[in-house]
Amino acid sequence: MSRVAALILPLALCGCAGFQNALGGDGGEGANFVRLFVLFTAVCTFMYLLVMAGLFAAVLRRRRNADELTVDTGKHHESAPLVTRALAAWAILIGIGLMALTVASFFTDRSNAAITRDPQLSVKVTGNQWWWDVQYSFADTSKSIRTANELHLPVGVRAEVTLESNDVIHSFWIPNLAGKQDLIPGRVTDIQLVPRKTGLYRGQCAEFCGVQHAHMALDVTVESKAEFLRWAAAQLQPAPAPRTPLELAGYRYITTRECSVCHNLSGTPASASVGPDLTHFASRRSIAAGTLPMNKGNLYGWVADPQSQKPGTKMPTIGLSPDELHAVVAYLQRLK
Amino acid sequence: MSSRFRNSCAILAVAVLLGACDREERQSRAKPLGETVPAAASPDTIYPGDPSRARYVDARGASYEGNAFAIAQGQQLYNWMNCVGCHAHGGGGMGPALMDEKWRYGGRIDQIAASIYQGRPNGMPAWRSKLTEDQIWQIAAYVRSLSGQVRKDAVSARADSVSNTPPQTQTVRQPVRPADSDQQ
Amino acid sequence: MSLRTNFTDDLSALPTHAFSYRSLTWWGIIGFMVIEGVAFAVAAAAYFFLMSHEQEWAPRPWEPPNLIAGTLFTIVMLASEIPNTMVKKAAEKYDTAAVRRLLPWIVGIGVLLLVIRGFEFNSLNVLWYENAYGSIIWALLFLHATHIATDWMDTVVLWRLMRTPHGEEPRRLVDVDENALYWRFVWLTWLPIYLLIYWVPRFFR
Amino acid sequence: MTSALEKAKAPPAKVPRDGPRLTGDKLHARLSATWERPRGFIGWLSSVDHKDIGRRYIVAALVFLALGGALAVAMRLQLSRPQNDLIGAARYNEIFTMHGTTMMFLFAVPVMQGMQIYLTPLMVGTRAVAFPRLTAFSLWTYIAGGCLLWIAFLLNVGPDIGWFAYPPLSGPQYGVGKRPDIWAQMVTFTEVAALAVAVSLTATILKQRAPGMTLARMPIFVWATLVTSLMVIFSMPSVALASSFLLSDRLVGTHFYNPAERGDALLWQHLFWFFGHPEVYIIFLPATGFVSEIVATFSRRSIIAYPIVVLSLVATGILAFGLWVHHMFATGLPRVGYSFFTAASMSVSIPTGLQIFAWIATMWTGRPRMQVPLLYVIAFIITFVIGGLTGVMIAAVPLDLQLHDTYFIVAHFHYVLIGGAVFPLLGAITYWFPKATGRMMSEALGKISFWMIFLGFQLAFFPMHISGLLGMPRRVYTYPAGMGLELPNLLSSIGGLVVALAVLLFVINMLASVRRGRLAPANPWDGTSLEWATTSPPPSYNFAHIPVVDSQSPLWDGKGELAVVHGLRVEERELLLTTVMSATPDVRDPSAHPSPWPVIAAAALTVMFVGSIFSPWAVLFGTVPLAIALTAWFWPKTKEPTLEPSIS
């Protein structure tokens with residue numbers, strides 16, 4: 001059934017199906033996009049049909065005097081009396097159409113700028129090859145949340161996302177919520193998100209950024225304010241302590257061995273910032289920036305050999321022994 | 001066109017092909033999974049001395065040395081692992097300079113890899129069990145490039161960071177010799 | 001269907017060469033001057049683009065370039081227009097002897113300019129790999145140096161050619177005329193570059 | 001010895017000239033002896049005949065089209081289903097970079113310039129291009145650049161940075177190895193080639209038109225050639241400079257694109273798109289020239305609103321330089337500036353809309369004949385207008401921020417480049433094929449491949465609009481299942497295969513027709529411009545006598561008669577120069593003989609360019625062989641000067 005839906009919906013273009021869909025219109029800018037897109041499509045379709053009508057009429061029309069203005073009559077330079085007037089009308093029509101579209105575009109742009117004044121939540125997203133570093137900062141400066149490859153937003157709250165890059169140019173794009181904004185090394189850019197509907201969305205890097213550009217997604221969760229606060233409170237906690245001997249072994253491995261030189265787990269000796277923060281890793285929807293859905297099997301596959309799941313990723317294949325692998329996965333799953 | 005000319009053309013083409021392959025090959029993982037210590041870490045290379053007398057040469061070094069991908073990865077790891085903190089961008093600081101000709105523990109790639117792997121007295125930590133061997137080889141390949149030891153067409157002129165050395169592609173190749181007389 | 005040929009004018013009395021815009025090669029040279037002029041303009045735009053990010057230009061602690069070599073170069077360059085005009089006039093008057101006499105001077109001035117250019121690179125007070133300011137200044141100076149060098153080469157070849165019997169051909173004098181035109185382009189483009197390299201980094205400190 | 005002054009004033013020497021007393025077969029024999037290229041392989045290499053060069057340009061470009069097309073098929077196979085593992089990530093990135101680079105730099109621009117080199121001298125009624133050796137040099141430089149890129153790709157040094165190579169990804173740190181250098185240097189090769197052709201064509205059009213062919217009587221295609229050549233001259237230096245900056249960042253450690261040392265990664269984008277946007281029109285405007293010629297011939301009447309069409313070409317050429325920022329809307333530049341670029345981008349559709357009106361009106365008032373070239377024109381209008389209208393959409397900032405860098409854009413630019421340039425090109429090849437080869441292409445095969453291309457194209461590219469809207473970014477080597485992307489991608493892949501087969505069929509038709517096609521008369525379609533006044537294929541000297549023109553459609557108005565001037569030498573290569581505006585005869589000018597030096601100079605340039613990927617010193621040492629080759633190129637080969645000059 002879902003397969004049938006997947007086949008039909010894109011063609012229907014209704015735009016309510018995908019969780020990564022420019023026609024979703026689930027955010028302030030996104031909704032403006034849908035309105036403007038419909039307007040442009042309508043005007044363009046009208047113009048297109050007009051051109052096609054003219055073209056087919058010109059080609060197919062039955063000619064009373066078969067060679068009226070052709071070489072054979074010697075009048076091939078002459079113009080039909082209506083042509084000049086039609087040309088002028090056509091030019092005026094194009095002009096009016098374009099003017100209307102430009103004005104519409106301009107006002108949409110202004111409305112996009114207006115809905116995003118006075119941000120109530122500020123998030124900093126930093127692009128890396130090939131994952132997103134996400135930091136929330138609050139009025140209480142002692143608190144801050146660091147996570148990766150996921151973005152939680154309370155519905156109806158104006159969020160300002162500050163964008164930076166650590167390496168190459170990336171582009172931040174959550175089509176359901178807003179248009180794109182590039183992350184450029186050496187510059188700070190920003191984008192405003194005003195989600196209107198709760199739900200799960202997906203964002204993706206839109207500027208080619210190297211080998212694994214295809215696997216640089218961002219899981220977006222728009223939730224009620226209460227849920228968001230619950231999530232934030234959980235995120236502020238340090239990494240959960242291991243409960244079983246297996247988890248303890250995993251904890252030891254992660255915090256002292258290869259994992260610890262790149263990853264951070266708050267409240268543990270692992271405090272590097274080269275790779276994604278893992279403090280509440282298991283609470284996320286996906287592994288490795290949307291490469292794999294989060295589940296035990298995928299976690300085994302990823303930790304055992306990331307290079308086969310996402311060839312070229314900066315995370316090396318360590319060559320864990322089976323015991324180490326079991327332990328590491330057990331503790332990673334604990335990181336809710 | 002004489003056949004000799006044709007043959008030499010063919011040989012040249014093959015050489016170019018192989019050279020390019022070596023330089024540009026992108027290995028996303030080490031070939032032998034889970035191998036042990038670099039072989040050069042035999043006792044006589046751990047201590048100062050003439051590195052040319054080192055007994056073993058680890059053959060794996062060849063696939064990293066002069067490989068552009070390995071050097072680039074090594075460059076990134078060099079920054080990420082904060083090697084800069086002691087060695088700067090090769091100029092040295094708390095740790096010895098890496099862009100001169102003096103090598104206390106040998107300047108071959110396998111000797112450098114062994115130094116990274118095992119650590120060295122007076123502050124150089126051991127990176128075994130922190131980095132994979134693949135990564136250690138990559139850093140070693142990059143360190144070799146700092147003193148101009150590797151082919152110039154495989155190194156990058158600069159990083160996208162504040163520059164405080166002349167471009168790597170212009171580095172003069174330093175002879176590799178032991179630093180017995182030099183007490184840092 | 002083959003067309004009937006209807007003969008009209010006889011063109012055999014037309015000249016076989018002409019100066020300025022009546023000459024085909026003149027249009028070619030104008031074409032290349034436009035290309036290079038656009039390249040200089042784009043390089044200057046890049047210069048201002050990079051400059052717009054900076055509070056100070058030249059950025060401290062780098063000192064602006066020393067003026068002596070560049071100014072000397074500019075003076076020699078401007079002075080070279082005197083023999084250049086003389087050659088151009090002589091060519092237009094079909095005075096092969098005068099052209100043969102004057103071309104070595106132009107070649108000599110070219111050598112002098114290339115030598116001074118060497119000192120200019122030495123007086124920039126910044127190296128190309130130190131920062132983007134150094135990069136763009138070096139790029140501008142290098143770009144212009146290639147023009148000096150190519151035009152110098154061109155003049156040497158022309159000088160040798162004029163000394164052969166081919167120098168008696170009127171078309172060769174058109175070549176001399178157009179070479180002189182190109183030299184004007186080279187020194188005209190130098191003037192804004194001189195300002196960009198030597199004076200703008202002083203004004204915006 | 002007489003002085004130069006006396007020589008300049010001397011009356012013309014008594015040498016054989018064309019005219020009423022020397023015409024027909026006798027003239028043909030003597031002119032052929034003068035204008036034909038020497039025999040043998042060296043003679044083949046030495047050719048400076050614009051017809052040889054144009055043909056080689058077109059053939060080379062079609063070879064690159066086949067190579068780029070094969071890559072497109074590979075990509076479509078990889079994307080035909082989600083999570084496909086047919087091609088790995090790194091290889092896929094190389095493949096799309098090679099596809100884009102090949103199609104833009106090695107196919108689209110060169111094939112248009114090849115057509116222009118072939119047709120322009122025939123259309124303006126002259127015997128050669130203005131700078132034949134420069135044009136030959138350009139051909140070999142272009143081929144060297146193309147070979148550099150493709151040999152590198154086969155040696156596993158193919159660039160993997162996308163066809164617009166944004167730093168820092170293409171910079172020294174993230175662009176690993178020599179891959180980006182290969183790309184950047186290939187750009188330099190093709191820019192040098194394109195600039196040389198542009199200068200040569202501009203001078204040809206301005207100075208070598210047939211007597212009486214005032215600017216207002218030039219065929220539209222010649223106008224399009226003039227406008228695009230000027231656009232090349234004004235836009236290409238920008239990318240040549242940008243790629244030189246990139247190379248020097250990578251080789252000698254300059255900081256143009258390094259923000260940590262006062263550089264800026266966006267500098268590249270400005271420089272690149274200042275070239276990149278005009279580039280699109282450099283490809284598109286010659287195609288509109290084809291369309292205007294084909295529409296007039298097959299509607300059996302002159303084009304309606306000639307001045308409007310010409311002004312549209314010129315206006316498009318100028319506006320094209322004011323649009324580059326619409327490729328950078330997502331970079332976060334000030335919003336005020338965006339509105340200007342939105343308005344400018346949209347306004348480009350006005351001149352294009354007027355041209356489309358003129359073509360439709362021409363067909364309306366004339367009597368269209370449904371042959372393959374006109375079918376391609378109709379397919380062009382149907383397809384291109386869609387691309388143009390989606391172009392209007394993405395000119396609007398709020399829409400572009402969503403659609404930018406998605407498959408919607410991929411669909412858009414394939415609609416404008418394939419629909420807008422390749423369809424007219426295929427029509428133009430069919431149209432001028434008899435002129436170039438003396439044989440007609442098969443009409444039946446032509447119609448089959450036409451319908452396959454037209455329908456296959458729509459199937460391949462229309463679904464991409466949808467996959468883009470559904471959130472599929474461009475340049476991804478795979479995509480997850482369950483996002484609704486399966487069906488549009490599968491359809492695109494099937495359509496892509498159909499197009500590939502159809503293009504193959506078109507090429508088979510060409511190859512078969514060269515050997516066995518129906519023999520073509522001088523003017524098989526009853527066209528009106530001057531190329532139809534000479535035989536099919538044209539002789540090496542193009543025209544036995546230089547034609548005279550007194551209208552926009554000389555062959556139709558001449559009614560079977562062709563006025564000519566005479567008096568050019570037949571023992572030497574000689575051209576007629578006319579004045580720029582009114583085209584009155586002005587000077588008899590010698591034209592260059594064949595010479596091996598252009599190809600040698602191109603080889604020297606290749607050594608220098610390839611060397612400078614590896615060492616900056618190659619720039620210095622490489623000039624020595626280049627200077628030697630150029631000097632030998634210009635140095636006169638005769639011992640003594642003659643009264644009537646020659647370029648040997």
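Domain bounds here come from an automatic or database domain assignment. The structure is a predicted model.

**Domains of chain A**

Chain A is divided into domain 1 (28-114), domain 2 (121-234) and domain 3 (245-334). Taken over C-alpha atoms, the centres of domain 1 of chain A and domain 2 of chain A are separated by 41 Å. Contact between these two domains involves five residues of domain 1 of chain A and six residues of domain 2 of chain A. On the side of domain 1 of chain A that touches domain 2 of chain A there are two nonpolar, two polar and one charged residues.

**Chains C and D**

Chain D has 21 helices and four strands. The radius of gyration of chain D is 25 Å, close to the 26 Å that the globule rule gives for 648 residues, so chain D is as compact as a globular protein of that length.

Chain C has six helices and one strand, in the sequence pattern β-α-α-α-α-α-α. The radius of gyration of chain C is 22 Å, well over the 17 Å given by the globule rule for 205 residues, so chain C is more spread out than a compact globule.

The table lists further values for the two chains.

| Chain | C-alpha box along the principal axes | Buried residues | Contacts joining residues 24 or more apart, among those 6 or more apart |
|---|---|---|---|
| Chain C | about 75 × 50 × 25 Å | 44% of 205 residues | 80% |
| Chain D | roughly 80 × 60 × 50 Å | 70% of 648 residues | 81% |

**How the chains meet**

Five pairs of chains touch, and the most contacts among them are between chains A and D. In that pair, 77 residues of chain D are in contact with 75 residues of chain A. Several helices of chain D give two or more residues to this side, among them helix H5 (89-124), helix H9 (265-299), helix H13 (372-395) and helix H17 (486-516). H12(D) gives the most, with eleven residues. By class, the side of chain D that touches chain A divides into 48 nonpolar, 21 polar and eight charged residues.

Chain D also meets chain B: 22 residues of chain D are in contact with 23 residues of chain B. Here the largest share of the chain D side, four residues, comes from helix H8 (residues 220-252) of chain D. The chain D side of this contact is made up of ten nonpolar, seven polar and five charged residues.

Chain A and chain C, by contrast, are joined by no contact, and their closest C-alpha atoms lie 11 Å apart.

**Helix H12 of chain D**

Helix H12 of chain D covers residues 349-365, which makes 17 residues. From its first C-alpha to its last, H12(D) reaches 24 Å, close to the 24 Å expected at 1.5 Å a residue. H12(D) is mostly covered, with 15 of its 17 residues buried. This is the helix that gives eleven residues to the side of chain D that touches chain A.

**The nonpolar core**

The largest nonpolar core has 416 residues. The members that touch the most other members are Ala140(B), Leu140(C), Ala61(D), Ala108(D), Leu195(D) and Leu271(D). H8(D) supplies the largest share of this core, 22 residues.

One of the listed members is Ala61(D). Leaving out residues up to four places away in sequence, Ala61(D) touches Leu106(D), Phe107(D), Pro110(D), Val111(D) and Gly114(D).

**Leu31 of chain D**

Leu31(D) has its place in helix H2 (residues 24-35) of chain D. With 24 other C-beta atoms within 10 Å, Leu31(D) is buried, because a residue counts as buried if 20 or more other C-beta atoms lie within 10 Å of its own. Not counting residues up to four places away in sequence, Leu31(D) touches Tyr541(D), Ala544(D) and Val570(D). Ala481(D) is 450 residues from Leu31(D) in sequence, and 68 Å separate the two in space, C-alpha to C-alpha.

Technical notes:
Residues numbered from 1 in each chain as written. Chains lettered and ligands numbered in written order. Predicted model: local features only at pLDDT ≥ 70, side-chain atom pairs only at ≥ 80, totals over all residues. Contact = placed C-beta atoms within 7 Å. Nonpolar A, V, L, I, M, F, W, Y, C, P; charged D, E, K, R; others polar. Core = buried A, V, L, I, M, F, W, Y, C linked by C-beta atoms within 7 Å. Buried ≥ 20, exposed ≤ 12 C-beta atoms within 10 Å, placed from the backbone. Expected span 1.5 Å × (residues − 1). Rg over C-alpha atoms; globule rule 2.2 N^0.38 Å.
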